[in-house]
Amino acid sequence: MIATVPTVSQWQLRAAFAVRLSEMYGREVPAYTTLVDVSREVNEDVLRARGAGAERLGSLARVTAERHGAIRVGTPRELGQVARVFGALGMHPVGFYDLREAAASAVPVVSTAFRPVDGEELARNPFRVFTSLLTPADPRFFDADLRARLETFLGARELFPPELLTLADRAAADRGLPADDAERFLELAVRAFELSKEPVDRAWYRTLERVSAVAADIGGVRSTHINHLTPRVLDIDELYRRMTDRGIEMIDTIQGPPAWQGPDVLLRQTSFRALAEPRPMRTEDGAVVSDALRVRFGEVEARGIALTRTGRALYDDLLDRIDTQTSEHPTRARDDIARTVWERHMPGSEEELAARGLAYFTYRLADDRPRDGGRPPAGIGELVRQGWLRAEPVVYEDFLPRSAAGIFQSNLGAEGTRDDDRQGTVHDADWLSGALGRELLDPFALYEQQQNRSLAQVARTLGLTDPPRRLRTPGGPR
């Protein structure tokens, strides 16, 4: 009888990779370990204070284990290789983010996020990696000479060894790896994202840094590294206070929606400031000297409910209103303005978000639903109101370009340079999909599919011909 070799599944690879990456990053950036510890303390305190309601957007176990990472690469070839590595972990590219347009400072990258997309896979381990690609072809940042030098430099480096890519392709094809191969894959994958001890060419790094600190971090070194790892917290305002009390310098604001008494939506993020890390540098005369670079920081996030396209349009409109009012009233605190705008225009309950089609929910039959033989109402709102259905919010699993750019910008030592008199090169979702060599998934479509599957199941169970219809208040979004 031939003994079967145990297989490590993709989600197990993903969970193990997230843990090992976190351990490695904690050794490299000790303040990250402090951030994780404080996040865990806050989460436990919130659960004690709020009870089961604290877990409405994810169990404490999931929230505590949850991480998102961030990496940066320089070429479409490198991006395609990243896709192979994360494909081994059951992670797919979702969403397109143009950070070139989202910040006042020079951030010459476009980005996507690799993550699981199936609900069951997300529940097992929701690890995600925000992945940015440098844009040397954009003349607003790089003139022809610097672009040529940069592309030559990037083309000569190797970020991921062939053995790692071969194992990654096998894991993706077989949906896992034998135990020994899994161990080797994890060892190589974590090593690929360690901070290199190889001396940095100081003159070349400083040349790129004058354009953008982000460009220097990507194209000024011969390797990549984990830029930050982000735990999830249930009360980001309390975490901000506790980190500050411990003497850790945080960035000035919490990015994303304001703190208020209504439903949490989308994503709120903040970070401690990028730390000066010792790095060996090679000078023009060939000597190796000790220097320091500020490129890595500790980010933390609080996740809310995923908004529909209509809800996202409302969110973007409210940000514009906040910007306008902040510029018109420079003596008023932006946070106070944001809270007032939010309370005036954003629905104050999950029920209203659902009724107006502004957010995504999954629906299940209530255990105590009416069983008097009456026909259920047709609309989702009435099914919920009359006790037939329970609505459960869909957690936002993705990112906000303006918030991401705000985090980047808050951690840059200088604004860099961008020539806005020049026309930017078109790098859109279709272009990035081509660079990846695979489909770039639409996050709205993923959330809608999740919601629609739950409604179809409700219809089958109730014997309805069609899934329940969504009701909207007259006039649509305000």
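Trainee: Let's start in the middle of things: in which sense do β2 and β5 pair, and over how many bridges?
Mentor: In this predicted model, strand β2 (residues 67-73) and β5 run in the parallel sense and are joined over six bridges. One pair from that ladder is isoleucine 71, whose bridge partner in β5 is threonine 131.

Trainee: And what about β4 and β5, parallel or antiparallel?
Mentor: Strand β4 (residues 109-115) pairs with β5 in the antiparallel sense, again over six bridges, and here alanine 113 has phenylalanine 130 of β5 as its bridge partner.

Trainee: What order do the strands of that sheet come in?
Mentor: The order is β3-β4-β5-β2-β8, which makes an open sheet of five strands with mixed pairing. The edges are held by β3 (92-98) and β8 (228-231), each with a single partner strand, so one side of each has no neighbour in the sheet. On average, and ignoring direction, neighbouring strands of this sheet are turned by 20 degrees against each other.

Trainee: How is β3 attached to β4?
Mentor: The two strands run antiparallel and are joined by five bridges; tyrosine 97, for instance, has serine 111 of β4 as its bridge partner.

Trainee: Back to β5: how many of its residues are buried?
Mentor: Seven of the seven residues of β5 (residues 128-134) are buried, so the strand is largely enclosed by the rest of the structure. Both faces are covered, with Arg128, Phe130, Ser132 and Leu134 buried on one side, and Val129, Thr131 and Leu133 buried on the other.

Trainee: Which helix lies across β2, β4 and β5?
Mentor: That is helix α4 (residues 76-87), which runs at about 170 degrees to β5. Valine 82 is a useful residue to look at there, since this valine lies in α4 and is buried, with a relative accessible area of 1%.

Trainee: What does Valine 82 touch?
Mentor: Leaving out residues up to four places away in sequence, valine 82 touches Ile71, Val73, Phe114, Thr131 and Phe160. Among them are Ile71 and Thr131, and you may recall isoleucine 71 and threonine 131 as bridge partners between β2 and β5. For a sense of scale, the C-alpha atoms of valine 82 and aspartate 372 are 56 Å apart in space, and the two residues are 290 residues apart in sequence.

Trainee: Changing topic, where is aspartate 138?
Mentor: Aspartate 138 sits in the loop between β5 and α6 (144-155). Its relative accessibility is 0%, so aspartate 138 counts as buried, and, not counting residues up to four places away in sequence, aspartate 138 touches Arg100, Gly424 and Thr425.

Trainee: And is aspartate 169 buried or partly exposed?
Mentor: Aspartate 169 is partly exposed, with a relative accessible area of 34%, and its place is in helix α7 (residues 162-174). The C-alpha atoms of aspartate 169 and glycine 87 are separated by 7.8 Å, although these residues are 82 residues apart along the chain.

Trainee: At what angle do α7 and α8 pack?
Mentor: The angle is about 125 degrees, with the axes 9 Å apart, and that makes α7 oblique to α8. The crossing of these two helices is left-handed. On the α7 side the contact is made by Glu163, Leu164, Leu167, Ala168 and Arg170, and on the α8 side by Asp181, Arg184, Phe185, Leu188, Ala189 and Ala192. By class, that contact has seven nonpolar, no polar and four charged residues.

Trainee: What about α1 against α8, then, what angle and what handedness?
Mentor: Helix α1 (residues 10-28) packs on helix α8 (residues 179-192) at an angle of about 40 degrees, with the axes 10 Å apart, and the two helices are therefore oblique to each other. This crossing is right-handed. From α1 the contact uses Leu13, Ala16, Phe17, Arg20, Leu21 and Met24, and from α8 it uses Ala182, Glu183, Phe185, Leu186, Glu187, Ala189 and Val190. Counted by class, the contact of α1 with α8 has ten nonpolar, no polar and three charged residues.

Trainee: Last one: which strands form the three-stranded sheet?
Mentor: The three strands form an open sheet in the order β7-β10-β11, and the pairing is mixed. Here β7 (200-201) and β11 (288-294) stand at the edges with a single partner strand each, so one side of each lacks a neighbour in the sheet. Strand β10 (residues 276-282) pairs with β11 in the antiparallel sense over seven bridges, and arginine 282 has valine 288 of β11 as its bridge partner.

Note on methods
Residues are numbered from 1 along each chain as its sequence is written. This is a predicted model: local features need pLDDT of at least 70, side-chain atom pairs count only at pLDDT 80 or more; totals for chains, interfaces and linings use all residues. Side-chain values use heavy atoms; hydrogens and water are left out. Axes are lines fitted to C-alpha atoms, for helices over the stretch in contact, and angles run from 0 to 180 degrees between N-to-C directions. Helices (H or I, at least four residues) and strands (E, at least two) are DSSP runs, numbered from the N terminus. Angles under 35 degrees count as roughly parallel, over 145 as roughly antiparallel, 65 to 115 as roughly perpendicular and the rest as oblique. A crossing is left-handed if the near helix is turned anticlockwise from the far one by less than a right angle, and right-handed if clockwise. Contact means heavy atoms within 4.5 Å. Ala, Val, Leu, Ile, Met, Phe, Trp, Tyr, Cys and Pro count as nonpolar, Asp, Glu, Lys and Arg as charged, and the others, Gly among them, as polar. Buried means under 20% relative accessible area, exposed over 50%, partly exposed in between (1.4 Å probe, protein chains only). Two strands pair if DSSP finds at least two bridges between them.
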